[in-house]
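Hi,

Here is the structure I promised to pass on. Have a look through it first, and my notes follow underneath.

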Amino acid sequence: MMNVSLSFPQTSASPLLHSISTPFSSVPFHSLQKRCRFVTHASSSELPLLPFPIEQVLVPSETKTLHLYEARYLALLEESLFKKKKLFVHFVLDPIAINDTSGEASFAARYGCLVAIEKVEQLEIGALVSIRGIGRVKILKFEQAEPYLTGAVIPLLDNIPDSDTELSSKVLEIKEALRSLNSLEIKLKVPQEALLQTLTANSLRWSENAPVLDCDNSFIPPFAELVSFAALQPVSGSSESELQKLQKKKLRAMDIKDTLERLEDSIGYVQDNISLVAAKLAIQSLDSRL
C-alpha cells in the first residue's frame, strides 16, 4: 500500500468522489442497457471503476489529471498500477430519481470509458495521476463495492460503416480542420491560468500513433472512431458558455454509435471553433493597435 491517501480536489475540473457516493444496490444498470446498443466484441474484463458526476464525462483520446488522496482511491490506484496493467474505468453516476421516503438518490451508471494511467507523481499529500481515455465500455455488473468499486466491462464500438471511402474523406477533413484550429490557438493570447493550447493537437497525435496497450485489442477503437472524439477538447480561453456547449457535444458523442455521424458533428464543432478563435484574434489585433 502506498503511503498516500486519495481523493479529488475541489476544482471545476475534478470532483470530490465522496460527495457522489451512493448505495451499491441503487445503481440501475437496466436503464443504461436500454439506452445504448453498440457492436460489442470480446469477453468481459473485471476492472476498478472510478465514478464522476455527469459534467465530467471523459471521451476517448482525452487526457485528465486527477489529484488523489483518499485511502480508497489509493487502493484503486495501486490495484490499477500493479494488477490491472495501468487500466481502470472512468464512468458517470447520473442521478435519475430521489426516493420520497428516504431522500436517497438513485443513479444510472453511464458513459464508461476505459482509461490508461500515463503518469503518476507522488506528492506530500496524495498523488497527481495523468490518465488517457481509450475507448467506451459498458459496465455489465458491479463485482465489489468496498474499498472501491470494481465491475465487469465489455467494449462498446461503433457499428461497422457502409462506406470506407466516405469515412476516409471525413477523417482527412477533420484532421485538416484540427490542425488549422491548433495553428490559430497557439497565436491566441490567454491568461496564464488558461488551459494549454495543445489539447486537440495532443489528442489527434495520440490517435494517429496507434495506441499500444497491454489489454484485449477489442477495447481499442479503430482510428476513425478515435479521431472522431479528438475534436472534443476545450479551446484556449473558453468562456463558461463555450465549455457548457462542449459538455453537451461530449455527451452526444458518447451516445452516438455511428462513426460517420460523430465525425460530421465534430467537423462542425471544429469549424465553429475556428471561426470563434479567428474572431478573438482579430479583436486582439485591434486592441494591440490602440
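The loop between β5 (127-144) and β6 (149-155) is where you will find P147. The peptide bond joining E146 to P147 is cis, with omega about 0°. Do keep in mind as you read on that this is a predicted model.

Two other loops have a backbone detail to look at. In the one between β1 (45-52) and β2 (63-68) sits S61, whose phi is near 85°, a positive value in a residue other than glycine. K86, in the loop between α2 (71-83) and β3 (87-98), also isn't glycine and has a positive phi, near 65°. Are these two buried or exposed? S61 has a relative accessible area of 0%, so this serine counts as buried. K86 comes out at 45%, and because exposed would need over 50%, K86 is classed as partly exposed.

To help you find your way around, here is the overall layout. The chain has seven helices and six strands. Starting from the N terminus, the order is α-β-β-α-β-β-β-β-α-α-α-α-α, so if you follow the trace to its end you will go through a run of helices. There are 290 residues in the chain, and 50% of them count as buried. If you take the contacts with a separation of 6 or more, 75% are between residues 24 or more positions apart.

Next, a pair of helices. Two packed helices are described by the angle between their axes and the distance between the axes. For helix α3 (residues 164-185) and helix α5 (residues 223-230), the angle is about 35° and the axes lie 10 Å apart. Their crossing is left-handed. Which residues meet there? From α3 come L167, V171, I174, K175 and L178, and from α5 come F223, A224, V227 and A230. By class, that contact has eight nonpolar residues, no polar ones and one charged. An α-helix has 3.6 residues a turn, so residues three or four places apart point the same way. That is handy to remember when you look at the α3 side, where L167, V171, I174 and L178 are among the residues in contact with α5.

How much of α5 is covered? Mostly covered is the answer, as seven of its eight residues are buried. Those are A224, E225, L226, V227, S228, F229 and A230. Among them, A224, V227 and A230 also turn up in the contact with α3.

Last, the cavities. The count comes to two of 30 Å³ or more, and I'd like you to look at the second largest, which has a volume of about 60 Å³. Its lining is made up of L232, K249, R252, A253, I256, R262, D265, S266 and Y269. The elements giving two or more residues to that lining are α6 (240-255) and α7 (259-289). Which element gives the most? That would be α7, with four residues. Sorted by class, the lining of this cavity has four nonpolar residues, one polar and four charged.

If you only have a few minutes, I'd go to the cis bond between E146 and P147, then to the contact of α3 with α5, and then to the second largest cavity.

Cheers

Conventions:
Residues numbered from 1 in each chain as written. Predicted model: local features only at pLDDT ≥ 70, side-chain atom pairs only at ≥ 80, totals over all residues. Heavy atoms only, no water. Axes fitted to C-alpha atoms, helices over the stretch in contact; angles between N-to-C directions. Left-handed = near helix turned anticlockwise from the far one by under 90°. Contact = heavy atoms within 4.5 Å. Nonpolar A, V, L, I, M, F, W, Y, C, P; charged D, E, K, R; others polar. Buried < 20%, exposed > 50% of the residue type's maximum accessible area, 1.4 Å probe, protein only. 1 Å grid on protein atoms, 1.4 Å probe; cavity = no way out; pocket = protein on both sides within 12 Å on 5 of 7 lines; lining within 4 Å. Points joined across faces, edges and corners; volume = space filled by probe spheres on them.
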